[in-house]
Amino acid sequence: MTHEIDVGLELELSRVYGSQLRVLLDKLRTPPRRLYIRVNTMRTTREKIIELLREEDIVAYPDEYFDDAVYVTIEGPFKLECDTDKVIVVDEKTATSLLLGVDLYRPGILRSDYFVERDRLLAVTRDRIPVACIEAIVSYEQAYRMQKGLIGVNISSPYKAPSLISTKPYQMGLIYLQGAPSIATVHVLNPKPGELVVDMNASPGGKSSHIVQYTQGKARLISIDRSESKITQLKGNLARMGLDINVLAIPMDSRYVHLDLDLREKVDKILIDPPCSNLGVRPVIRFNRSMKEIDDLSRYQRQFIKAAYHILKPGGLLVYSTCTITLRENEENILYAVEEVGFHNIELDDPPSYSVKVVYKGIVGYRYSPLDNDMPGYFIAVLSK
Ligand code: SAH
């Protein structure tokens with residue numbers, strides 16, 4: 001497969017991965033073997049989840065390190081077979097799930113050839129990369145009029161993951177689908193009952209809901225995201241899981257949290273999980289990021305770090321995480337936090353499970369990558385004040 005990647009971005013990534021870059025990019029295009037699930041330990045146990053999933057013919061295994069995680073395995077690669085000349089174009093997020101064998105729903109469709117019920121359609125990305133073979137269950141006209149709902153069944157895909165969102169444990173709010181590094185992030189934050197915690201980029205609520213269950217609802221959590229709709233989504237997830245306990249969810253631009261909320265030096269722990277270039281999310285469909293975008297994102301991320309400094313207590317802890325692999329958005333932002341904002345960078349006694357410690361110009365962070373333990377690309381660093 002050819003690597004369409006911005007030259008600047010390629011250079012940036014070779015600063016980290018050197019001669020391993022090609023291997024890394026190839027691996028990022030494939031899903032990891034394990035698909036992780038966080039167990040809602042406030043309402044159930046791992047054993048119970050494994051049992052409930054087994055009743056639905058899904059085999060889940062307890063993770064070796066995280067006591068609140070289980071995983072299922074992704075099978076493949078298989079040959080994608082599709083006897084058709086009809087094409088349906090989908091967005092990247094949809095392409096990622098189609099690759100894993102998920103059925104096709106209306107929202108991700110960008111355009112399509114004409115089709116009738118039971119026609120086969122080759123689903124492709126904007127760049128014409130084939131991702132799955134779909135058998136339509138509605139006609140083109142019907143699909144056209146729909147805003148959501150099932151359009152077709154996935155009958156051939158390069159990978160197959162069990163469909164978890166249709167299971168009882170998911171619908172009952174007993175599990176949350178989340179990668180291992182994301183699960184690790186809240187373990188690193190290690191929130192305690194009674195602590196005041198601020199999640200500065202909270203929606204859709206993976207880590208916020210984890211903080212609640214981790215403290216059995218006894219931390220005081222302020223979850224911020226930038227719009228009403230994001231906060232509605234977050235509240236929906238917390239409610240589904242029965243984890244809307246002691247959470248104040250606020251639609252707000254958290255880059256100004258120190259100006260808008262009366263929190264100066266009051267917060268025990270802060271999580272910054274900002275928007276990022278998402279280059280670690282597997283399978284990556286397209287490395288469609290320019291260095292200009294990466295620089296802009298990095299500058300945006302720094303504003304959260306700066307605001308956080310004002311509200312964190314002396315002695316308080318900040319965990320910074322991203323699901324991307326550039327230096328700019330990771331190590332260099334931590335260097336900024338130390339050199340220009342005044343944070344101290346903390347080295348953990350043990351690297352978070354499945355991560356690798358990295359040292360860059362004197363600062364320490366933890367990277368996840370497909371090159372180590374078949375993980376997605378991800379970064380965690382810890383700061384204190
Ligand atoms: N921590 C979340 C995922 C966060 S993704 C989880 O575990 O589920 C990054 C989030 O940052 C997005 O939801 C985005 O809306 C939010 N965001 C972007 N700019 C923001 C801003 N200025 N203030 C607050 N949130 C912002």
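This passage walks through a six-stranded sheet, a helix packed on it, a helix pair and one buried helix in a predicted model.

The model is predicted, with local features needing pLDDT of at least 70, side-chain atom pairs counting only at pLDDT 80 or more, and totals for chains, interfaces and linings using all residues. Residues are numbered from 1 along each chain as its sequence is written, and side-chain values use heavy atoms, leaving out hydrogens and water.

Start with the sheet. Helices (H or I, at least four residues) and strands (E, at least two) are DSSP runs, numbered from the N terminus, and two strands pair if DSSP finds at least two bridges between them. Six strands make up an open sheet in the order 5-9-8-7-4-6, with mixed pairing. Its edges are strand 5 (104-105) and strand 6 (109-112), each of which pairs on one side only. Helix 4 (residues 92-99) packs on this sheet, touching strand 4, strand 5, strand 7, strand 8 and strand 9, where contact means heavy atoms within 4.5 Å. The direction of helix 4 makes about 80 degrees with that of strand 8; axes here are lines fitted to C-alpha atoms, for helices over the stretch in contact, and angles run from 0 to 180 degrees between N-to-C directions.

Going through the pairings, strand 4 (residues 87-90) runs parallel to strand 7 (residues 120-124), joined by three bridges, and Val89 has Val124 as its bridge partner in strand 7. Strand 7 then pairs with strand 8 (residues 130-136) in the antiparallel sense over five bridges, with Leu121 partnered by Ile134. These two strands form a hairpin with five residues between them, and Arg128 in the turn has a positive phi of about 70 degrees. Strand 8 is also antiparallel to strand 9 (residues 150-156), over four bridges; there, Ile134 finds its partner in Asn154.

Now the helix pair. The axes of helix 11 (residues 291-311) and helix 12 (residues 331-341) come within 10 Å and cross at roughly 40 degrees. The two are therefore oblique to each other: angles under 35 degrees count as roughly parallel, over 145 as roughly antiparallel, 65 to 115 as roughly perpendicular and the rest as oblique. Residues meeting across the contact include Arg302 and Tyr309 in helix 11 and Glu332 and Tyr336 in helix 12.

Finally, helix 7 (residues 180-189) is largely enclosed by the rest of the structure, because nine of its ten residues are buried (under 20% relative accessible area, 1.4 Å probe, protein chains only). Among them are Ile183, Val186 and Leu189. Just past this helix, Asn190 takes a positive phi of about 50 degrees.

Definitions and conventions: Buried means under 20% relative accessible area, exposed over 50%, partly exposed in between (1.4 Å probe, protein chains only).
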